[in-house]
There are 2 protein chains.
Amino acid sequence: MSKVVVRSFAVSIDGFAAGPDQDLRHPLGVNGPELMDWFFHTRVWREMHGQPDGETGTDNRIAQLGFEHMGAWILGRNMFGPVRGAWPDDSWKGWWGDEPPYHVPTFVLTHHPRPSQPMAGGTTFHFVTGGIHEALERARTAAGGRNVRIGGGAATIRQYLQARLIDELHLAIRPVILGSGEHLMRDINLRDLGYECVESVQGERALHVFVRRRTSD
Amino acid sequence: MSKVVVRSFAVSIDGFAAGPDQDLRHPLGVNGPELMDWFFHTRVWREMHGQPDGETGTDNRIAQLGFEHMGAWILGRNMFGPVRGAWPDDSWKGWWGDEPPYHVPTFVLTHHPRPSQPMAGGTTFHFVTGGIHEALERARTAAGGRNVRIGGGAATIRQYLQARLIDELHLAIRPVILGSGEHLMRDINLRDLGYECVESVQGERALHVFVRRRTSD
């Protein structure tokens, strides 16, 4: 059955999912790469970037799961790139070069319309101006029975959590302190929204926590 | 060398160190015992409560460390008990019965004076009305070169963190969602205050994260 999922989303022990001052030089915010330092070592990540080797332990196995059975992705505008406001042209095509790691239809939330952008390897970026519900509806249709993964960033995941539209959330809790940045759960009462932890697995560089929305609610 | 430490302090993945609505029936707040469910299974905890058996794995080993080399404790008023305002009498002597688990001088922060209260097993509760600095000064003197442990709750630890008076902090991150309650790190920029994670160890029921204040700061 098709589910709406978040996978491999890293947070610091003080709750931040990105550092402060995100921009072209700091796509994850200042110190943000510390959040991803579990992922950078995995074979999954290194293969994506055309690099050899990479570790094949627990972190890698769980990162791999995050890409399986995905039929569509949804990304917030900031996760797609640093351009703000109306698109000056179509030159910005994401952080990921000619062949992004999605390989399926990928819906970008934006207030500013732009034609769909096909990329190498099967990814097509579609720009959705109608908000999170429209994006999800289109992503579900495109996914054809497979899962829809909400890629991030924090603000996008927060919106979908508050609307109770996410079925499963895998967080990679990193033993780092960011101090400031984008907080994932602040002022969201996940328990009242029906979410609970169902499993936790220690990886080499992160604690993987699996959160689910109770289906009885 | 004498250090000021926090040990075995549990937080949920959404950052809460106690549930909401703390009172006589809910000393840890509603759902708060879920935070402590790593500790309840350890031999350390069970021996403290005169119970046999108990697990002897990683959680137990780390809980044990939390009691070693302690010369004095500091507790917030709420951690000592549910009584608020002026002490009506001296009948409330903590949550722990006749023999509390401290076994050393234990300083309770309060706005309301009260005579010191000796207990069985070496614990004496001293009531400090002069604030966190006075409590720490008295605790250091009493500790005689051993460590001072700030027992909690969250509000007390937050005050000592903001004053940069804590040297080491061991957090037991529990894979549970509380949704509301007492948040430990909200609006405190621990990184700017000089704190960093130095180690993490997976126990049976919690991720143990060790945080230290950089001594160069």
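Let me begin with one residue, Pro113(A), which counts as exposed at 66% relative accessibility, and which sits in the loop between β4 (105–109) and β5 (117–118) of chain A. Please keep in mind throughout that what we are looking at is a predicted model. Leaving aside residues up to four places away in sequence, Pro113(A) touches Trp87(A) and Thr129(A). Its C-alpha atom and that of Ala86(A) are separated by 8.0 Å, although the two residues are 27 residues apart along the chain.

Trp87(A) takes us to the aromatic residues. Which residues do ring pairs link into a cluster together with Trp87(A)? They are Phe67(A), Trp73(A), Phe80(A), Trp96(A), Tyr102(A), Phe125(A) and Phe127(A). One member of that cluster, Phe67(A), also has a charged partner, since the charged end of Arg149(A) sits over its ring at 5.0 Å from the centre. In chain B there is a contact of this kind as well, where the charged end of Arg77(B) sits over the ring of Trp87(B), 3.7 Å from the ring centre. Over all chains, a search of the whole structure finds 26 aromatic pairs. One of them is formed by Trp92(A) and Trp95(A), with 5.1 Å from centre to centre and 85 degrees between the planes, and it is edge-to-face because planes over 60 degrees apart are placed in that class. Trp95(A) itself counts as partly exposed, at 26% relative accessibility.

I turn now to the backbone, where a few places deserve a careful look. The peptide bond that runs from Gly152(A) to Gly153(A) is cis, with omega near -5 degrees, and in chain B a cis peptide bond joins Gly152(B) and Gly153(B), with omega about 0 degrees. As for where these bonds lie, Gly153(A) is found in the loop between β7 (147–152) and α5 (154–162) of chain A, and Gly153(B) lies in the loop between β7 (147–152) and α5 (154–162) of chain B.

Chain B also has residues other than glycine with a positive phi, among them Arg164(B), whose phi is near 55 degrees. Arg164(B) is in the loop between α5 and β8 (168–174) of chain B, and with a relative accessible area of 28% it is partly exposed. Another is Asp187(B), which is not a glycine and yet has a positive phi of about 60 degrees. Is Asp187(B) buried or exposed? At 57% relative accessibility it counts as exposed, and its place is in the loop between β9 (182–183) and β10 (195–202) of chain B.

Asp187(B) also leads us to the contact between the chains, for Arg186(A) forms a salt bridge with Asp187(B) in which the closest N and O atoms are 2.9 Å apart. Between chain A and chain B the count is four salt bridges, and there are ten residue pairs in polar contact, both residues being at pLDDT 80 or more. On the side of chain A that touches chain B, β8 (168–174), β10 (195–202) and β11 (207–213) of chain A each supply at least two residues, and the largest share, five residues, comes from β10(A).

How many residues does the contact take from each chain? It takes 27 residues from chain A and 27 residues from chain B. The two chains bury about 2300 Å² between them, of which 60% is on carbon and sulfur atoms. Within chain A, the residues that lose the most area to chain B are Ile13(A), Ile177(A) and Arg191(A), which together account for 30% of what that side buries.

Let me close with two buried places. Ser2(A) is found in the segment before β1 (4–12) of chain A, and it counts as buried at 18% relative accessibility, because the limit for that class is under 20%. A polar atom of the Ser2(A) side chain lies 2.8 Å from the backbone oxygen of Arg146(A), and, not counting residues up to four places away in sequence, Ser2(A) touches Arg140(A), Gly145(A), Arg146(A) and Asn147(A).

The other place is helix α2 (residues 58–65) of chain B, whose buried residues are Thr58(B), Asp59(B), Asn60(B), Ile62(B) and Ala63(B). What covers these buried residues of α2(B) includes β1 (4–12), α1 (43–48), β8, β10 and β11 (207–213) of chain B.

Terms used:
Residues are numbered from 1 along each chain as its sequence is written. Chains are lettered from A and ligands numbered from 1 in the order in which they are written. This is a predicted model: local features need pLDDT of at least 70, side-chain atom pairs count only at pLDDT 80 or more; totals for chains, interfaces and linings use all residues. Side-chain values use heavy atoms; hydrogens and water are left out. Rings of Phe, Tyr and Trp (its six-membered ring) pair if their centres lie within 6.5 Å; planes under 30 degrees apart count as stacked, over 60 as edge-to-face and the rest as tilted. Buried means under 20% relative accessible area, exposed over 50%, partly exposed in between (1.4 Å probe, protein chains only). A charge sits over a ring if NZ of Lys or CZ of Arg is within 6 Å of the ring centre and within 35 degrees of the ring normal. Helices (H or I, at least four residues) and strands (E, at least two) are DSSP runs, numbered from the N terminus. Contact means heavy atoms within 4.5 Å. Buried area is the accessible area (1.4 Å probe) that two parts lose on being put together, summed over both. A salt bridge is a side-chain nitrogen of Lys or Arg within 4 Å of a carboxyl oxygen of Asp or Glu. A polar contact is a pair of N or O atoms within 3.5 Å; within protein, one must be able to donate a hydrogen and the other to accept it, and residues adjacent in sequence count only if both atoms are side-chain atoms.
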